[in-house]
Amino acid sequence: FNRYEPYLAAAKRKFPDQPRQAYPTPAHPWGVQNFWVQLIADTGIAGLALGVGVFVAGLVTALRAPPRSVFYGLVAAGWVLVAAGTWNAVGIVAGVPLQAVTWLGFGLAAVAGELE
């Protein structure tokens, strides 16, 4: 039994111009490939709010770097923003290199105030 079958006919009626390959089949069971959509689908509004809050906290922390470390704060803010945007194309998958970029951005944001 697949979970998409009850909705497939309605989706094809609603989007008749889409090619056949755009819809899941038993041979190609496409899943959600967007971190933010998957986050809200799996955890609800509260989980989405917490996920967005983590990125906002990292961004705010990076931008609050003292003047002597403003460069590192801006680099960290850039990494956090790039990671948040790039997660649009990746589902929640453990071990992808984007995780490293995300956590390095958060880590640099956290220590930007301590760098000299």
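Here a colleague asks a modeller how some descriptive words are earned in this structure.

Colleague: What should I know before we start?

Modeller: This is a predicted model, where local features need pLDDT of at least 70, side-chain atom pairs count only at pLDDT 80 or more, and totals for chains, interfaces and linings use all residues. Residues are numbered from 1 along each chain as its sequence is written, and side-chain values use heavy atoms, with hydrogens and water left out.

Colleague: Why is Gln38 called buried?

Modeller: Buried means under 20% relative accessible area, exposed over 50%, and partly exposed in between, using a 1.4 Å probe and protein chains only. Gln38 has a relative accessible area of 17%, so Gln38 is buried. You will find Gln38 in helix α2, residues 35-63; helices here are DSSP runs of H or I with at least four residues, numbered from the N terminus.

Colleague: And what makes Gly91 buried?

Modeller: The relative accessible area of Gly91 is 4%, so Gly91 counts as buried too. Gly91 sits in the loop between α3 and α4.

Colleague: Which residues does Gly91 touch, leaving out those up to four places away in sequence?

Modeller: They are Val32, Gln33, Asn34, Phe35 and Gln38. Contact means heavy atoms within 4.5 Å. Seen from the other side, Gln38 touches Val32, Gly91 and Ile92, again not counting residues up to four places away.

Colleague: How do you know that α2 is roughly antiparallel to α3?

Modeller: The axes of α2 and α3 come within 9 Å and cross at roughly 165 degrees. Because of that angle, α2 is roughly antiparallel to α3. The cut-offs are under 35 degrees for roughly parallel, over 145 for roughly antiparallel, 65 to 115 for roughly perpendicular, and oblique for the rest. Axes are lines fitted to C-alpha atoms, for helices over the stretch in contact, with angles from 0 to 180 degrees between N-to-C directions.

Colleague: Which residues of α2 make this contact?

Modeller: On α2 they are Trp36, Phe55, Gly58, Leu59, Ala62 and Leu63, and their partners on α3 include Val80 and Ala84.

Colleague: What makes a group of residues a nonpolar core?

Modeller: A nonpolar core is a set of buried Ala, Val, Leu, Ile, Met, Phe, Trp, Tyr and Cys residues joined through side-chain atoms within 4.5 Å. The largest one has ten residues in all, among them Phe35, Trp36, Leu39 and Phe55. Helix α2 gives the largest share of this core, four residues.

Definitions and conventions: Helices (H or I, at least four residues) and strands (E, at least two) are DSSP runs, numbered from the N terminus.
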